[in-house]
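Subject: Structure for your review

Dear colleague,

Please find below the structure that I am handing over to you. A summary of what was found in it follows.

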Amino acid sequence: MDMRISRKHQARLDLVEGLKVFVAGQLMPTLRQEFEGWCAAEDPSEEQLRNSQFMQATLGANPLYQASRGLQRLSQEAMWQEVIYGLEQRRPDIEEQLDREDQAAGSLTLNPDLMMPDYYDNTEFHLQPGNFHKNTLAGPVYEIGVATYTMHRYGKAGDEMGRALVSVLPDRHCKRVLYMGCGPAYKGYPLIDALPEAEHWGIDLAAPMLKFARHRAIEHEKPMHFSQMNAEEMTFPDGHFDLIYCMLLLHEVPTRAIENIVNEAARVLAPGGVLANLELPSYASLDPLSAFLMDWDTEHNGEPFWRDYHQMDLKQTYRDAGLETKLTEAHSEWGGAKGNYMGKFRYHVTMGRKPEA
Amino acid sequence: MEDNTQGISGDYFSNVSKSDMMRVVLALATEVYAMRDRQAVLEDILLGCDIDLARLDEQVDAAVYDEDRLAERDAFVARVFAAMAGPAR
Ligand SMILES: C[S@@+](CC[C@H](N)C(=O)[O-])C[C@H]1O[C@@H](n2cnc3c(N)ncnc32)[C@H](O)[C@@H]1O
């Protein structure tokens, strides 16, 4: 897909990304150093450091903290604004490409009657204007936005999350594989490469994301079937898939929807099949400052369900759905050596296996 | 964690010194002015040599990783925002 923008627009976007690099690379390490010095002098308890009111009282008025949060927020707003500004100039051309039908391997099935859940319809996740489903350009906007948001640390193909997931998957023959909340789906390409014999499916609520995903998959010769569905209520028969995975889906839905999705995945998994969910780590597994900074996203980065997700006991939800479960960590290039806006981290992969019948 | 809201009435920068903010603005204005001046001279020189300036408005692949371009950009941002990176003065 031709996603070019003018040199001028790219320069504007570069600058916005530069702000994110500045926050992550300069402000955060200095803030962390200052905070550690303060901890050494004041010796606060672990309980205090895990209390957000205490942390807010300690850091809220700190100019470095404020500069970091303020620039993080402004850069996020500016990022979407600049991506949309750049792509808007080419709207008719991109829409025409997205609407073009293609007979290549794989398929696309849209459902114009699908009801959007309120939690989804009423939110602009990570501040993306029009969310995933209200702007026909949402797919390209998301892909360019994510490359900028993650400061190009997702690897050149943007697929490092998929590679991280592949690195921890059990070695298992799969006939059918499902990617829930696939969005543009390119993070699933490493799974297609790792399991080339399987039939790969992707579902999402958003038609614009799926149209883009289909287009992109054809271009990259990754045969995949896309279908517009709610992961809480899929139309697949029982026991249909050997592997079901998702990345960055569960933190964007409320707890009751997570329970529905896990139950639904357990239903469509074949006996012996595996559910793998890759996300950022839980607060409890991070140092207190990183956890506090990460929690900031809940109110300030359009992530209303972020806090609940990162504090819930997902393994228990898996067990309640009848899955045998374990938590694995996977290396993150995005959160690796340099750290991102909230520090360094490894991904958490919650794995569940449906017992053999 | 319960609440992680910011200072007063959503002003993210309420305690960041205004002088540091103005240092950022001044650094930026200086950069922009020097660049505009340089660009005007450059375009004059090029037009004088009968060179087509269409490349200035060409389309490029969006968000492509290019280490040189991004390193230059990082240095630029660090220079402009330097005042915010240290302890308050
Ligand atoms: C943060 S994006 C992640 C996309 C993709 N997994 C990635 O990492 O690039 C979340 C995606 O989940 C989709 N989504 C959210 N709630 C959903 C639901 N209940 N059923 C299906 N898809 C959903 C959104 O439309 C969006 O494309």
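In what follows, contact means that heavy atoms lie within 4.5 Å. Please note also that this is a predicted model.

With that meaning of contact, helix α8 of chain A, residues 160-168, lies across β6 (241-247), β7 (269-279), β8 and β9 (347-353) of chain A. The helix runs at about 45° to β9(A). A further helix, α10 of chain A (residues 207-219), lies across β2, β4 and β5 (225-228) of chain A, and its direction is at about 175° to β5(A).

The strands just named belong to an open sheet of 8 strands with mixed pairing, in the order β2-β5-β4-β3-β6-β7-β9-β8 (chain A). At its edges stand β2 (107-109) and β8 (324-330) of chain A; each has a single partner strand, so one side of each is left without a neighbour in the sheet. On average, neighbouring strands of this sheet are turned by 15° against each other, direction ignored. Within the sheet, strand β3 (residues 176-180) and strand β4 (residues 199-204) of chain A run parallel and are joined by 5 bridges. As for V177(A), its bridge partner in β4(A) is H200(A).

I turn next to the ligand. It is surrounded by 20 residues, of which Y120(A), Y179(A), K187(A), D204(A) and A231(A) are the closest. An N or O atom in the side chain of D204(A) is 2.6 Å from an oxygen atom of the ligand. Two backbones also take part: a nitrogen atom of the ligand lies 3.0 Å from a backbone N or O atom of G181(A), and a nitrogen atom of the ligand is 2.9 Å from a polar backbone atom of M247(A). The ligand taken alone exposes 590 Å², and 99% of that is buried by the protein.

Finally, the domains. Chain A is divided into domain 1 (7-105) and domain 2 (118-132 + 157-353). Taken over C-alpha atoms, the centres of these two domains of chain A are separated by 22 Å. Their contact takes 26 residues from domain 1 and 28 residues from domain 2 of chain A.

Yours sincerely

Key: Residues are numbered from 1 along each chain as its sequence is written. Chains are lettered from A and ligands numbered from 1 in the order in which they are written. This is a predicted model: local features need pLDDT of at least 70, side-chain atom pairs count only at pLDDT 80 or more; totals for chains, interfaces and linings use all residues. Side-chain values use heavy atoms; hydrogens and water are left out. Two strands pair if DSSP finds at least two bridges between them. Helices (H or I, at least four residues) and strands (E, at least two) are DSSP runs, numbered from the N terminus. Axes are lines fitted to C-alpha atoms, for helices over the stretch in contact, and angles run from 0 to 180 degrees between N-to-C directions. A residue is near a molecule or strand if one of its heavy atoms lies within 4 Å of it. A polar contact is a pair of N or O atoms within 3.5 Å; within protein, one must be able to donate a hydrogen and the other to accept it, and residues adjacent in sequence count only if both atoms are side-chain atoms. Accessible areas come from the Shrake-Rupley method with a 1.4 Å probe; for residues, only the protein chains shown count as cover. Domain bounds come from an automatic or database domain assignment.
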